[in-house]
Amino acid sequence: MSAEAPRADDHHLARTDEAEMFERLSRSNLVTTWRWYLGVGVAGAVLLWGLIVFLYMAMVGMGVTGYNKPVFWGLYEASLVFWIGLSHSGTLISAILRLTHATWRAPVLRGAEAMTAFTLMVGGLIPIVHLGRNWRVYYALPYPSSRELWPNMRSPLMWDAMAITTYLLGSLTFLYVGMIPDLALLRDKSAGWRRKFYSALSLGFRGTHEQWRRYHVASTLFAILIIPIAVSVHSIVSWDFAMAKTPGWHSTIFAPYFVVGAIFSGIAGVVIVMAILRKAFRLESVLTPLHFDNLGKLLCTMTLLWGYFYFTEFLTVWYNRNPEEWEVFGSYGGHYLPLFLTMVICNFVIPFPMLCLKRVRRSISLILVPACSIVIGMYAERLLIVIPSLARRNDPFIWANYFPTWVEFSVMAGAAAMFVLLYMLFAKFFPIMAISDIKERLFHTTGRTIGGMTVESIAQVEGEGEAHA
Amino acid sequence: MKHTWAMAIDLDRCTGCGACVVACNAENNIPTIGETEAGKNRLMHWIRVNRYWEGEFPEAQAVYLPMPCMQCERAPCELVCPVYATYHNEDGLNAMVYNRCIGTRYCANNCPYSVRVFNWYDYKWEKPLDEQLSPDLTVRSRGVMEKCTFCIQRIRRAKETAAEEGREIRDGDVVPACAQTCPPGALLFGDLADPHSEITRKLKDPRRFRLMEHLGTEPRVVYLKRQKGAGR
Ligand code: SF4
């Protein structure tokens, strides 16, 4: 726990004993414990239950949920925003870290990118779950129909669907391209069906100079391209709300505010995932407290940013005193007070002071406290965005409150289980650590002793100098 | 001829009796959802009578405000539907294609008047209620959005009759169920494109106002303000 910059034996390992390093990093692929089976079993069972409940809902009707007349959107839509939000940090962090050549990035990349892909898959399914007639979802696709009916491109829901699809495809490509050298490595080290599997996936990557060069160009290019997509996706998700005439939603700050919230919850998600990976696959030597420290600093900044955005949103409403909006915000202090308090406490009061302390950031068990609280707080925030605005619509005669039923809870538990399951399967079959990136870093790093201290010093890779200049 | 259907609601005359709601339910095959569902705030009425209280207890007075779909000229509900299930028809009405609706419910969230209703279940008409279903209209399945259409079936019927008789539609040919039933005659329906219709005359009334006009939805339903004073 006390280890800081890379340890001496790491360098040694990278240079001399490649086999041992490989074994250490791809523990997830090599060793299958009973815990893994148990996890997959539990996640699979919950997912199955969620599916059954979803089918039941589709057969009987949306009436089995807690939705009612003014509150036509609730837990499902809040979860949609939440999951898409969680997806934000993975690819984004990874892309930014790649572009800025952050030296500590390598072990974080793959896990974060995979998180993006799977949260997007889960989030992307929720719009289908929430439909009144799920079996007619293809009406929203621009397919050539003999009736010449096309989807309505003016609807923010369509923009949303397109943005999520683009981001999902982009992230999957990003994840896959970044994985090719590692897949080639796995191909070389495996036998049997796995060998066939990895040979097909590694696209004949042999590690020639030319291939490496192309690989570097491609991953830099994707990193550049994916950042605007990531930012735009959550702006567009926010437009589902901001483009509506609903008091409390119709706010110009929604787009940047959603993006900030998304990155905020996403980084918290990455911290949690990293801690679990570290524990489960004994990656202590790779995922050092340094990584958690850096992620913690990022998280601390995002806490402040989120707090600022929330304050700004309040300020404009307070200054404006539009009676309709004021009623919505008023309900934060009334019926929705528990939700509001959860949000403020979990998103700011707990994490901010904790993340300011180096001791917390450097301890894996302690940093999990603010990370988990942020995830909870952001879920509360999403609920708070969706529900009170609808429950306190323009006409006070129809005001009503909303509470989800077991149906919604089950389906959303199924969604969470789906994420866990996908992630576990991914970790089993694919390199969860960016092996080649880690190796590259170790090769380029030497521990230099200055005075009584060992610091990490990095040799510049050929051609990278221009990017720095 | 192009029509501009509109409705005037005279709040001075409305007594809040709810006859319009019942008439609408009968005319448009709207299911009766029962007590438990109603308790969950899922009433499916296409027109509702809002009741607000004015003043404190001993002097409290009820104010009634019947609310059908406003048939907005710039309908926010139409804009957000991903599949064009709700659209502006040739008469400038906000129409609904139930078969096309996939139930995103976004239109309901965007309707500032909250007059759209959702089919939470497949409702059943027990015998002998099934005998009273109107054959002019579909019975909607679960998972779709529905709403007031100014009794579009009656408008169509009137147009057909007029065409058969080789004449233009006359003022008073179309009367929606709610307007037909309203005992004090608070609801008036007609064609604004016809300069001599009763509604054109009525809407010159200085008491006219429209709900939430500041939102720019340009509702087709116009209210006439209640007058206060002696004897009221
Ligand atoms: S009142 Fe509501 S449902 Fe009717 S046209 Fe306007 S926005 Fe659409």
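**Exercise 1. Characterise the shell of residues around the ligand by class, and identify its closest members.**

*Solution.* Begin with the classes: the shell around the ligand divides into 9 nonpolar, 2 polar and 2 charged residues. The model is a predicted one. Next, take the membership: 13 residues surround the ligand. The closest are B:C69, B:M70, B:C72, B:C77 and B:C111. Cys and Met both count as nonpolar, so these five names belong to the nonpolar class.

**Exercise 2. State what confidence the predictor assigns to chain B and to the complex.**

*Solution.* For chain B, the mean pLDDT is 90, and 98% of its residues reach 70 or more. For the complex, the predictor gives an ipTM of 0.89 and a pTM of 0.89.

**Exercise 3. Describe the extent of the interface between chain B and chain A.**

*Solution.* First, consider the residues: 49 residues of chain B are in contact with 51 residues of chain A. Second, consider the area: about 4000 Å² is buried between the two chains, and carbon and sulfur atoms give 53% of this area. Third, locate the main contributors in chain B: B:R100, B:Y106 and B:N109 lose the most area to chain A. Together they account for 17% of what that side buries.

**Exercise 4. Analyse the polar and charged pairs across this interface, and the elements of chain B that take part in it.**

*Solution.* Start with the salt bridges, of which there are 2 between chain B and chain A. In one between these chains, the side chains of B:R105 and A:E77 meet at 3.6 Å, N to O. This distance satisfies the cut-off, which requires the nitrogen to lie within 4 Å of the carboxyl oxygen. Then turn to the polar contacts: 34 residue pairs are found across the interface, with both residues at pLDDT 80 or more.

Next, assign the secondary structure. In chain B, β2 (48-54), α3 (76-80), α4 (106-110) and β6 (117-118) each supply at least two residues of the side that touches chain A. Of the elements, β2(B) gives the most, with 5 residues. Finally, by class, that side of chain B has 26 nonpolar, 13 polar and 10 charged residues.

**Exercise 5. Explain why the salt bridge between B:K202 and B:D10 ties together parts that are 192 residues apart in sequence.**

*Solution.* The whole structure contains 30 salt bridges over all chains. In the pair B:K202 and B:D10, the closest N and O atoms are 3.9 Å apart. B:K202 lies in helix α7 (residues 198-202) of chain B, whereas B:D10 lies in strand β1 (residues 5-10) of that chain, so the pair links parts separated by 192 residues in sequence.

Conventions. Residues numbered from 1 in each chain as written. Chains lettered and ligands numbered in written order. Heavy atoms only, no water. Contact = heavy atoms within 4.5 Å. Buried area = accessible area lost by both parts, 1.4 Å probe. Polar contact = N/O pair within 3.5 Å; in protein donor to acceptor, adjacent residues only side chain to side chain. Helix = DSSP H or I, 4+ residues; strand = E, 2+ residues; numbered from the N terminus. Near = heavy atom within 4 Å. pLDDT = per-residue confidence, 0-100.
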